[in-house]
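Please open the model in your viewer and follow the selections below in order.

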Amino acid sequence: MKSLTNAPGARTPSLCAQHLTLRVGERTLLEDFTHTFYPGEIWCVAGPNGAGKTTLMMTLAGLLRPAGGQIEVDGERIDAWPSAALARRRALMPQTSHDAFDARVLDIVLLNRFPHLTGWGWERPADRAAAHAALAALGLESLAARDVLSLSGGERQRVALAAALCQEAPLLLLDEPLAFLDWHHQIACLTALVDWTRFLPRTIIFSCHDLNLARRFATHALLLEGNGIAHSGAARDVLTPALASRAFGYPLVLIEQNGYEALVPALPDAPR
Amino acid sequence: MTARRAAFVWSLLLLAAFVVFAAALALGSVAISPWQAILALVHVPAHGGSGAQAGDLAGEIVRTLRLPRAVAGFSCGALLALAGALLQVLLRNPLAEPYVLGVSGGAAAFAVAALLAGCAWWLVDAAAFAGAVLSIALVLGLARREFWRGEPQEASPRLLLTGVVVATGWGAAITLCIALAPDDRLRGIVFWLTGDLNGAANPWPALVALIVALAVCVPVAPQLNVLLRGDALASSLGVPASRLRLRIYVVASLAAAASVTTAGTIGFVGLVVPHALRLVLGNDQRMLVPASTLAGGVAVMAADLLARTVIAPAQLPVGVVTALVGVPVFLWMLLRRRR
């Protein structure tokens, strides 16, 4: 995993959570959480359903006001950023996207160039090039002219990820980017994301339910228990059988074979 | 969609608007050549003599009868199509149209009540506008939380339901008025409800409303594209989703109100024109908002030309023509497409 945590020289934080407290109704999801995210890091946010992964992503993106504490981007409070400048600094891929009308895949991806548009808001060749590059990075060039309503769930999800990449913001917040994807495409997307952070000082924070992929591809992990407690650190130190069992409320065991590792549920009637 | 392609679409529609405008000035019970008709707009013959007399008559017809009617037709159609395009984005729903949120219902209920009371035409107009504004304020007041609430709940279904229910309430009030109306008032009420440009003597407020509405909407058209993809994405891209929603709701509603006040509830244009353009040209709001406006104006101006020439000297309400011609054309466009 050494090769992934390169961060050439730069140790200026890209995102900083200060004494962050998140609440939904009466429930406290996260209490007094302070952490700094650096370029070159790929963070997986994991936790059970309703633990606050989406709430955390939206708060980190500056779209939700936390119940306490604050978020800082480049040392400045996120709500003090002008919205267009912030949109060039961080991109968010929401969990759901709406498609009421048909539209070409390329046009959907181009929408994320909005913060880069000037004048009357028409794209320039550079914007189109960025969109094609983002589609190519995820192997989606052949879909560019397709109608977005004709895509499968997994294809739509990869288009949304391409759109987020096309925004060319150095901080990428992805809410469940691997949902609906098959094995092959989960790994292809994660590989593309790792490549995306390799040569430029970029940070990715994504939420994910597959702890094994997170252990393999993420450099760090943030495990939410959903009761105010969060564990953060290197992916393999956080996504352990002990901590994950506690967070998910179900016993998990780590099995090893030929150098491969997997966290699996300790089903009661499993053959030993 | 590129800027060049959009400009091409707009030029074509603008050309169509000029052609239909010239035809609307030239055609009618007294035939005037299009050139003469356009000259009559700028040139007021003041000399005596029989030739000048005839020219003066033609000029008078063009200036006092045909010009206001053509301008009213264009403005109302443009306002309705603009409102329809905006509301389809706001509600993220292809079935949205200018009247769905109750604007026309309020206007119609008040106008019909005024017609029932036998008010002068300007009082009917004033009542219609007051009803529209009241209805807008009512829906805005009832659904205000839906405008400000962001993710994860989406604003649209509740706003839409509020509007539909308010519209239904107005519908009942209109039916009540019609049930109470004496027979000699019914014809005027029916014409008003179908949409009729016959009484549109003063089209200029609608034209001003159109220009203002365009000035407010066209600069935010790129943001509308983003808003269609949901609040979370829009906000993350720097689009102020709640404020933008409020803005397009107010503009679309006032546009519909201005049109209804001028010409009654002309149906179908606001739903069909944006859809027809979307089917042919795609759903880029930067192109679609101005293009819908132009195409809606052309559609109603042309429909009114038909309405007053097909069975001349009798006249049809323009709303009948927009629907009779629009329904088959739209169904054909919709169904010929194969994915």
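Select strands S6 and S7 (residues 171-174) of chain A: they pair in the parallel sense over four bridges. Strands (E, at least two residues) and helices (H or I, at least four) are DSSP runs numbered from the N terminus, and two strands pair if DSSP finds at least two bridges between them. Within this pair, Leu92(A) is placed opposite Leu173(A) of S7(A).

The model is predicted: local features need pLDDT of at least 70 and side-chain atom pairs count only at pLDDT 80 or more, whereas totals for chains, interfaces and linings use all residues. Residues are numbered from 1 along each chain as its sequence is written, with chains lettered from A and ligands numbered from 1 in the order in which they are written.

Extend the selection to the whole sheet. It is open and mixed, with six strands of chain A in the order S6-S7-S8-S3-S9-S10. S6 (90-93) and S10 (230-234) of chain A are the edge strands; each has a single partner, so one side of each is left without a neighbour in the sheet. Neighbouring strands are turned by 15 degrees against each other on average, direction ignored.

Add helix H5 (residues 153-166) of chain A, which lies across S6 and S7 of chain A at about 170 degrees to S6(A). Axes are lines fitted to C-alpha atoms, for helices over the stretch in contact, and angles run from 0 to 180 degrees between N-to-C directions.

Finally, display the interface: 23 residues of chain B are in contact (C-beta atoms, placed from the backbone, within 7 Å) with 27 residues of chain A. On the chain B side, H11(B) gives the most, with four residues.

Technical notes:
Two residues are in contact if their C-beta atoms, placed from the backbone, lie within 7 Å.
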